[in-house]
Amino acid sequence: MSPSPSSPPPSSPASSGNHPRLLVTRKLPAAVEARALGSYDVELNTGDAVMSRDEILARAAGKDGLLVTVADRIDGALIAALPPSIRIIASFSVGYDHIDIEAAAARGLAVTNTPDVLTDATADIALLLILGAARGAASGMAAIREGSWKNWAPTGMLGTDVGGKRLGILGMGRIGRAVAKRARAFGMSIHYHNRHRLPPDREEDAIYHSSVEGLFAASDILSVHCASTPETRRLVNAQTLALMPEGAILVNTARGDIVDDDALIAALASGRLRAIGLDVYNNEPNIDPRYRTLPDAFLLPHLGSATLETRNAMGFRALDNLDAFFAGREPLDLVTPRCRSPSSAS
Ligand code: DGY
């Protein structure tokens with residue numbers, strides 16, 4: 001469950017009165033910014049313009065930490081150019097593929113993320129995509145908006161039931177399991193692939209496939225939930241899509257770069273896939289324009305965690321991590337193997 005937005009900060013930074021200096025790269029929910037202002041000497045981004053690399057570097061001067069989002073590309077070159085005063089990068093996200101973790105670790109920087117608190121919101125969006133894709137919601141909504149809906153027809157705009165279908169979950173982590181729980185209530189049977197099979201008590205009758213290929217072949221609907229890594233990049237491609245049953249559905253709430261756009265668009269345009277549901281894309285927000293022309297593509301703009309409750313919880317979690325770090329404790333959600341907290345810094 002997400003903490004309530006009014007929950008008090010669990011601890012104050014060690015150096016209150018001489019607060020750590022923090023750069024926040026994007027506008028955050030009001031309650032999160034209020035808490036940050038109480039504990040940090042903080043530079044907020046009230047205008048919410050995405051900062052360029054040079055702007056991040058200029059504003060990082062004299063700061064102790066950065067609070068960044070998935071819209072910021074914190075690559076090796078940026079990390080190398082950060083001022084030496086920066087000791088921690090706290091990301092307002094569960095995914096951290098936008099940060100070069102190796103470069104950060106090599107510089108002794110701590111990096112944290114915000115797992116758990118967005119699991120339910122993201123699983124809800126995955127179900128929305130599954131239902132929206134299966135029931136032709138994109139073309140139905142377009143018919144309403146364009147005024148082209150003439151009358152109710154027994155054979156008009158027919159989708160497909162999700163009940164009785166096999167849902168394949170690629171990446172059975174927190175979000176994958178939350179999607180499985182919801183999908184069972186809709187009558188779907190669950191199949192999954194993970195690097196490691198879940199223990200039986202956590203499988204809850206889900207059928208494990210030891211290969212990615214086996215999962216694609218067994219999925220009427222496939223929902224992507226793995227992290228973006230060099231191993232998963234373009235895992236949804238012409239070869240894997242060709243294994244899916246005719247008329248299958250593919251849904252992605254994880255990361256755009258797990259999908260090869262050319263292959264996915266070709267599979268949908270040819271009718272090999274019945275429909276797709278996407279919340280994430282390569283090169284966001286400049287998505288491949290061909291997606292917009294496909295009537296059976298149910299498309300959302302990276303809304304997975306976009307509820308006020310969840311965004312508050314993500315912000316509080318990022319601040320919890322910063323608070324712990326500046327108090328000399330190990331942050332709960334440390335992603336880097338090593339960290340240089342103020343009390344251990346040379
Ligand atoms: C994350 O936290 O990684 C999500 O993509 C943001 O919604």
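This passage describes the ligand site, the aromatic pairs, a pair of strands and several loop residues of a predicted model.

Residues are numbered from 1 along each chain as its sequence is written, and side-chain values rest on heavy atoms, with hydrogens and water left out. Since the model is predicted, local features need pLDDT of at least 70 and side-chain atom pairs count only at pLDDT 80 or more, whereas totals for chains, interfaces and linings use all residues.

The ligand is surrounded by Val70, Ser93, Val94, Gly95, Leu118, Arg255, His302, Ser305 and Met314, where a residue is near a molecule or strand if one of its heavy atoms lies within 4 Å of it. This shell divides into four nonpolar residues, four polar residues and one charged residue; in this division Ala, Val, Leu, Ile, Met, Phe, Trp, Tyr, Cys and Pro count as nonpolar, Asp, Glu, Lys and Arg as charged, and the others, Gly among them, as polar. Polar contacts (pairs of N or O atoms within 3.5 Å; within protein, one atom must be able to donate a hydrogen and the other to accept it, and residues adjacent in sequence count only if both atoms are side-chain atoms) are made to the ligand by backbone and side-chain atoms alike. A backbone N or O atom of Val94 lies 2.8 Å from a ligand oxygen atom, and a polar backbone atom of Gly95 is 2.9 Å from an oxygen atom of the ligand. From the side chain of His302, a polar atom lies 2.8 Å from an oxygen atom of the ligand. On its own the ligand has 230 Å² of accessible area, of which the protein covers 90%; accessible areas come from the Shrake-Rupley method with a 1.4 Å probe, and for residues only the protein chains shown count as cover.

A pair of aromatic rings is described by the distance of the centres and the angle of the planes. Rings of Phe, Tyr and Trp (its six-membered ring) pair if their centres lie within 6.5 Å, and planes under 30 degrees apart count as stacked, over 60 as edge-to-face and the rest as tilted. A search of the whole structure finds four such pairs. One of them joins Tyr40 and Phe326 edge-to-face, at 6.0 Å centre to centre and with 65° between the planes. Because Tyr40 lies in the loop between α1 (30-39) and β2 (41-43) while Phe326 belongs to helix α12 (residues 308-326), this pair ties together parts that are 286 residues apart in sequence; helices (H or I, at least four residues) and strands (E, at least two) are DSSP runs, numbered from the N terminus. Both Tyr40 and Phe326 are buried, where buried means under 20% relative accessible area, exposed over 50%, and partly exposed in between (1.4 Å probe, protein chains only). Together with Phe325, Tyr40 and Phe326 form one aromatic cluster.

The rings of Tyr281 and Tyr291 have centres 6.3 Å apart and planes at 65°, so this pair is also edge-to-face. Tyr281 and Tyr291, 10 residues apart, lie in the loop between β11 (273-278) and β12 (297-299). Tyr281 is buried at 10% relative accessible area, and Tyr291 is likewise buried at 1%. Within the loop between β11 and β12 is also Pro285, which is joined to Glu284 by a cis peptide bond with omega about -5°. Asn283, located in that loop, has a positive phi of about 60° although it is not a glycine, and Asn283 is exposed, with a relative accessible area of 56%.

Strand β4 (residues 88-91) is covered on both faces, with Ile88 and Ala90 buried on one side and Ile89 and Ser91 buried on the other. Strand β3 (residues 65-68) pairs with β4 in the parallel sense over four bridges, the requirement for pairing being that DSSP finds at least two bridges between the strands. In this arrangement Gly65 stands opposite Ile88 in β4.

Further loop residues complete the description. Asp48, in the loop between β2 and α2 (53-60), is a residue other than glycine with a positive phi, near 65°, and Asp48 is partly exposed, with a relative accessible area of 28%. Thr232, in the loop between β9 (221-224) and α10 (238-243), is buried at 12% relative accessibility, and the side chain of Thr232 reaches the backbone oxygen of Ala227 at 2.7 Å.
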